[in-house]
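Biologist: Could you walk me through this structure, one question at a time? I would like to hear the reasoning behind each answer.

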Amino acid sequence: MFFPTSFPKQHQNCQPGLENEMAPSPIYDSPLYNKQNDRLKDKVAIISGGDSGIGRAVSIAFAKSGCDISIIYYNEDEDAILTKKKIEDEGRKCLLIKGDIKESTFCKEAVESTLKEYKKINILINNSAVQYTQQNLTDINDEQFDKTFKTNVYGSFYLTKAVLPHLQCGDSIINTTSVVAYHGHETLLDYSMTKGALTTFTRSLSMQLATKGIRVNAVAPGPIWTPLIPSSFDEQKVSKFGSNTPMKRAGQPVECSGAYIFLASDESSFITGQTIHINGGEIVNG
């Protein structure tokens, strides 16, 4: 499979961005994930931000593994409809739930809608996020700081709190963190803070739920070609995105989905509180 090493200059003016406006389109599917031996057969997953980017790749890979999906998304209708079609093409069900995870009431309603549709929940993927670049801490206004934390941290907390009473032994929670939680980022200060919070949330909640057999893990992507990139960075930075990794390229969403399948499946039954790093070869500790 060919993975691009550079990108045309481009920028989007809204967050979290639209996949259908990206060039080239992110690679979200692969024949390698065809017929995954029913590793998630008849399980039900809620995936926030499942309409595009890493969330789309995970949604489709989960469907190929026998899982039915509820996708929570903000306002990217065209992206969500395409992802739903891809899931249904695999013979699985997909429920689209549009709304704002910053609101605890919406998160409760999303869980209730999923239970009404599927009667159970086995997997929660906290994946939705926004990020805004600023050169200086003093440039981060209250509105940006509040929105970044409420989307990235509060949203994950609210969804987890709403889902948790319905999870049983063998079920799992997977949080999407980031390499920036480990090495920081000069112009994504508040975003890096939220990913650090999710890393600690993963570790602490895993300890709380270990005796119940509910696993809590994380995936920490490095630079991955998703709608957040052209909607966050200027055209020049987008054109060079990912070129500073040891592999000298950005990752593609499809390259993340295998980690989520593993962490959601029984193959990881003795793994909790851990993070899988998908970052093109950067060595991180912690």
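Biologist: Happy to start with the aromatic residues. Are Trp225 and Phe241 buried or exposed?

Modeller: Please keep in mind that this is a predicted model. A residue counts as buried when its relative accessible area is under 20%. Trp225 and Phe241 both fall in that class: buried.

Biologist: How are the rings of Trp225 and Phe241 arranged, stacked, edge-to-face or tilted?

Modeller: A pair of aromatic rings is described by the distance of the centres and the angle of the planes. For Trp225 and Phe241 the centres are 6.4 Å apart and the planes stand at 45°. Stacked needs planes under 30 degrees apart and edge-to-face needs over 60. The pair of Trp225 and Phe241 is therefore tilted.

Biologist: How many residues apart in sequence are the parts that this pair ties together?

Modeller: Trp225 sits in the loop between β6 and α7. Phe241 belongs to the loop between α8 and α9. The parts tied together by the pair are apart in sequence by 16 residues.

Biologist: Which residues form a cluster through ring pairs?

Modeller: The structure contains six aromatic pairs. In one of them, Phe157 and Phe201 have ring centres 6.4 Å apart and planes at 50°, so this pair is tilted. Phe157 comes from helix α4 and Phe201 from helix α6, 44 residues apart. The cluster linked by ring pairs consists of Tyr154, Phe157, Tyr158 and Phe201.

Biologist: Let's move to the nonpolar interior. Which element gives the largest share of the largest nonpolar core?

Modeller: That core has 27 residues, and Phe62, Ile69, Ile123 and Tyr260 touch the most other members. Elements giving two or more residues to the core include β1, α1, β2 and α2, along with β4 and α9. The largest share is six residues, and they come from α9.

Biologist: Which residues does Ile69 touch, leaving out those up to four places away in sequence?

Modeller: Ile69 is one of the core members that touch the most others. Its contacts include Phe62, itself in that same group of four. With sequence neighbours up to four places away left out, the list for Ile69 is Ala45, Ile47, Ser59, Phe62, Ala63, Ile87, Lys93, Cys94, Leu95 and Tyr118.

Biologist: Now for the surface. Is Met193 buried, partly exposed or exposed?

Modeller: Met193 lies in helix α6. Together with Leu137, Phe145 and Leu189, Met193 makes a nonpolar surface patch of about 360 Å². Its relative accessibility is 39%, so Met193 counts as partly exposed.

Biologist: And the charges: what is the N to O distance between Asp68 and Arg92?

Modeller: Asp68 is in strand β2, while Arg92 is in the loop between α2 and β3, 24 residues apart. At 11% relative accessibility Asp68 counts as buried, and Arg92 does too at 16%. Their side chains meet in a salt bridge, and the N to O distance is 3.1 Å.

Biologist: Which residues are linked with Asp68 and Arg92 in a network of salt bridges?

Modeller: Asp42 forms a salt bridge with Lys41, with the closest N and O atoms 3.9 Å apart. Asp42 is partly exposed at 38%, and Lys41 is partly exposed at 47%. The residues linked with Asp68 and Arg92 in the network are Lys41 and Asp42.

Definitions and conventions
Residues are numbered from 1 along each chain as its sequence is written. This is a predicted model: local features need pLDDT of at least 70, side-chain atom pairs count only at pLDDT 80 or more; totals for chains, interfaces and linings use all residues. Side-chain values use heavy atoms; hydrogens and water are left out. A nonpolar core is a set of buried Ala, Val, Leu, Ile, Met, Phe, Trp, Tyr and Cys residues joined through side-chain atoms within 4.5 Å. Buried means under 20% relative accessible area, exposed over 50%, partly exposed in between (1.4 Å probe, protein chains only). Helices (H or I, at least four residues) and strands (E, at least two) are DSSP runs, numbered from the N terminus. Contact means heavy atoms within 4.5 Å. Patches are made of residues with over 30% relative accessible area and no salt bridge: like charges are joined within 9 Å, nonpolar side chains (Val, Leu, Ile, Met, Phe, Trp, Tyr) within 5 Å. Accessible areas come from the Shrake-Rupley method with a 1.4 Å probe; for residues, only the protein chains shown count as cover. A salt bridge is a side-chain nitrogen of Lys or Arg within 4 Å of a carboxyl oxygen of Asp or Glu. Rings of Phe, Tyr and Trp (its six-membered ring) pair if their centres lie within 6.5 Å; planes under 30 degrees apart count as stacked, over 60 as edge-to-face and the rest as tilted.
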